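Biologist: Could you walk me through this model, one bit at a time? I'm new to this, so please explain the terms as we go.

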Amino acid sequence: MDLVSRFPSPVRVLDVGGTVGFWEGVGAERLRKIELTLLNLAHVETADIPNATSVAGDARDLSTFPDRTFHVCFSNSVIEHVGTLFDQISMAREVARVSNAYFVQTPNRYFPLEAHFHVPFWPFLPLSVRTWLHRRSSLGWIEKQRDPILARADVEQIRLLTRREMAHLFPDARILGEHVLGMTKSWFAIREHLE
């Protein structure tokens, strides 16, 4: 909301991967000053949020939006789900292109407890071990997947980032960490304003 407050109303905000529940928690007074676009793979219902629209799309290709369409782009825990490092580069470029300011958050690859499967040091286990574990039990908020190919796909579709990778993806941003018990739980790429 600090980024939003830097622009005159109505502030055009793109939330890549956004949910209605998140924005309901922001408060009605703040929402009246925002023209919100929620971009997800499928449309979401936005009737409960004033000045909100839903757009189906792909974070890696925002070509339906011209450069600097939005004052602020916000994305919380999405970039680790878009695919390979190449796909993450594509998303980062698109976020920077369509907005003046942005705030992109992602879990830290090196945090001891993985954010999705809730298994210690998950990213460092061999793919075969992660797939085997996922086939045998629900882990974190990810339901068990008995099919071996789908289980592997679930495991592979989450690619956590390091601070160094975030800095390369977002070279014009400040990279900040969210700390828990002295460890960095997640990374934030923040570009405050583009003249």
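Modeller: Sure, vocabulary comes before the tour. Two strands pair if DSSP finds at least two bridges between them. Helices (H or I, at least four residues) and strands (E, at least two) are DSSP runs, numbered from the N terminus. The model is predicted, so local features need pLDDT of at least 70 and side-chain atom pairs pLDDT 80 or more, while totals for chains, interfaces and linings use all residues. Residues are numbered from 1 along each chain as its sequence is written, and side-chain values use heavy atoms, without hydrogens and water.

Biologist: In what order do the strands form the open sheet?

Modeller: There are 7 strands in this open sheet. Their pairing is mixed. Going across, you'd read β3-β2-β1-β4-β5-β7-β6.

Biologist: Which are the edge strands?

Modeller: Look for strands that pair on one side only. One covers residues 52-56 and the other residues 174-180. Those are β3 and β6.

Biologist: By how many degrees are neighbouring strands of this sheet turned against each other on average?

Modeller: We use axes, which are lines fitted to C-alpha atoms (for helices over the stretch in contact), with angles from 0 to 180 degrees between N-to-C directions. For this average, though, direction is ignored. The turn between neighbours comes out at 20 degrees.

Biologist: Which residue in β5 does Asn 76 stand opposite?

Modeller: Start with the two strands: β4 (residues 70-76) and β5 (residues 99-107) run parallel, joined by 6 bridges. Opposite Asn 76, in β5, you'll find Gln 105.

Biologist: Which helix packs on the sheet, touching β1, β4, β5 and β7?

Modeller: Contact here means heavy atoms within 4.5 Å. The helix spans residues 85-98, and its direction makes about 150 degrees with that of β5. That's α3.

Biologist: At what angle do the axes of α4 and α5 cross?

Modeller: Two packed helices are described by the angle between their axes and the distance between the axes. Helix α4 is residues 127-136 and helix α5 is residues 148-156, and their axes come within 9 Å. The crossing is at roughly 115 degrees.

Biologist: How many charged residues does the contact of α4 with α5 have?

Modeller: From α4, the contact includes Arg 130 and Arg 135, while α5 gives Arg 152, Asp 154 and Glu 156 among others. Ala, Val, Leu, Ile, Met, Phe, Trp, Tyr, Cys and Pro count as nonpolar, Asp, Glu, Lys and Arg as charged, and the others, Gly among them, as polar. By class, the contact has 4 nonpolar and 2 polar residues, and the charged ones number 5.

Biologist: Is the peptide bond from Ser 9 to Pro 10 cis or trans?

Modeller: Most residues other than glycine have a negative phi, and most peptide bonds are trans. Pro 10 lies in the segment before β1. With omega near -5 degrees, the bond from Ser 9 to Pro 10 is cis.

Biologist: What phi does Ser 77 have?

Modeller: Ser 77 sits in the loop between β4 and α3. Although Ser 77 is not a glycine, its phi is positive, at about 55 degrees.
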